[in-house]
Structures are given as structure tokens and as C-alpha cells.
Amino acid sequence: AVKAWAEKMLEVLLYLHVDRQTAHCDFKLENLLIFGVIQKLKAGDMDTAARLGDPRGLHATAYICAPELARHVLAGGNGLKVSGAEDIWAVGVLVMYLMSGQPPFAAEDAAGAEKYGPIAALTLDDVKAAMKRCKVRPRGQLEAFLLSCLNLDPDERGTADRLLTGGWIGGNMATEVVRQTRGTLQNVSGKLDSLQ
């Protein structure tokens, strides 16, 4: 069920990021609307949406906030540009939220910008610990999907189109593993043949 909703979220983001050149900038459960028996998903509350590349404002929701946005908020604005990477981070957070019933990176109960401090300081170990709490199987397709969504470097984060067609959603992970290891497998195969 979570995979089906993740796919619908990515389809919404694909439309926004590619067709409309816009990021939602507040992609959270409270802003996702489900319609009808076919369970169509739509994004609401587009007041925070902005064109890709425009200067990023300071509005953020702590529990889905990407680390780069948390640092931006703490700095009172530091030249961050609107990017689809922030929405992709939110998808990773929402997948784990749907799996566990709670946000994976809870912001501190502090007032104002201070609540973003823990998010701004997230490490890869923190991301992996959150996945472990959600019982994500190591080295599986879901782990690869989440690591792509929750990459701490926004430039290295997955995109909606790549996440839809690969791995956990698209089922192409095995093909990708073979493609990435083809040279290694051919070398091993050659060495085994020479031993015969």
C-alpha cells in the first residue's frame, strides 16, 4: 500500500517538476488529497509552490524539512534556490512516516527556527538509523529508494522520473545491479574459464 501511494506522490511531483517547472515546497500528508474510489492523489495548498530556480523563502514544515532547507531557515536565508530535491526528500520522509506511523526525523520541541537544528545536522548514520527503526531491509530495493530520496546532497538526490522507473517503484533494480556490475562479472567469469 505504501508503494502505491509513493508512486502516486512521485507522479504528482513529476507533473509539477517537469511539466510545470515548479516545486511544491510543502509536500506533506496534510497537503495531499485523496479522491474517489480510484484513490486519485492530488497536491493541495499550493500557496508555497514556487518556480524552480527562484529564491527559496523561509517557510518550512519541520518534520518533512530537508537538511539544506533547515540550514537555510536557521541562517535566515542564505541564497538557497527552489529545487525539486526538497520535494523528493519529503517523499522519503512520507514513505517512512506511512510505514511507521510517525515522522522519522522529529524536530525538537523548540520555538521558532531552533526546531530546525536537529534536521540541519542530520548525518547518513541518522538516515540509516531511521530506516532501521522502520524495519527497512538492508540492501533491498526500498532501502535504495529511500537512500536516493534522503541523500544529504540535494544535487545527488533522485528525481521523480528516475524514482518512478527504477528499483522499488518500477521494479528495475535487478537490471541496474547487473548493468553496474557487468564488467566485474565478466572479469570473474573470464578468470573461472581460464582455470578449467
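Here are four short exercises on this structure, each with a worked solution.

This is a predicted model, in which local features need pLDDT of at least 70, side-chain atom pairs count only at pLDDT 80 or more, and totals for chains, interfaces and linings use all residues. Residues are numbered from 1 along each chain as its sequence is written, and side-chain values use heavy atoms, with hydrogens and water left out.

**Exercise 1. Find out what the pLDDT says about this model.**

Step 1. Recall that pLDDT is the predictor's confidence in each residue, from 0 to 100.

Step 2. Look at the whole protein: its mean pLDDT is 87, and 83% of its residues reach 70 or more.

Step 3. Now turn to residues 173–184, where the pLDDT is below 50. Beyond near neighbours in sequence, this stretch has four contacts in the model, a contact being heavy atoms within 4.5 Å.

**Exercise 2. Describe the surroundings of R157.**

Step 1. Place the residue: R157 sits in the loop between α6 (141–149) and α7 (160–165). Helices (H or I, at least four residues) and strands (E, at least two) are DSSP runs, numbered from the N terminus.

Step 2. Decide whether R157 is buried or exposed. Buried means under 20% relative accessible area, exposed over 50%, and partly exposed in between (1.4 Å probe, protein chains only). R157 has 3% relative accessibility, so it counts as buried.

Step 3. Follow the side chain of R157: it reaches the backbone oxygen of A85 at 3.0 Å, and the backbone oxygen of C149 at 3.5 Å.

Step 4. List neighbours, leaving out residues up to four places away in sequence: R157 touches A66, P67, E68 and W89, among others.

**Exercise 3. Characterise the second largest pocket and the largest cavity.**

Step 1. Get the terms straight. On a 1 Å grid over the protein atoms alone, a cavity is a set of points where a 1.4 Å probe fits but cannot get out, and a pocket is an open set with protein on both sides within 12 Å along at least five of seven lines; lining residues have an atom within 4 Å of a point. Grid points are joined across faces, edges and corners, and a volume is the space filled by probe spheres set on the points.

Step 2. Take the pocket: about 260 Å³ of space lies in the second largest one. Its lining has 18 residues, with S83, G84, A85, P154 and T159 nearest its centre. α1 (2–19), α3 (84–100) and α7 each give two or more residues to this lining, and the largest share, four residues, comes from α3.

Step 3. Take the cavity: the structure holds one of 30 Å³ or more, and the largest cavity has about 50 Å³ of space. Residues lining the largest cavity include C25, F27, L69 and E86. Here α3 gives the most to the lining, with three residues.

**Exercise 4. Work out where Q21 and R139 lie and how exposed they are.**

Step 1. Start with Q21, which lies in the loop between α1 and β1 (22–23). Q21 has a positive phi of about 50 degrees although it is not a glycine. Its relative accessible area is 37%, so Q21 is partly exposed.

Step 2. Move to R139, in the loop between α5 (124–133) and α6. Phi of R139 is near 60 degrees, a positive value in a residue other than glycine. With 76% relative accessibility, R139 counts as exposed.

Methods:
A polar contact is a pair of N or O atoms within 3.5 Å; within protein, one must be able to donate a hydrogen and the other to accept it, and residues adjacent in sequence count only if both atoms are side-chain atoms.
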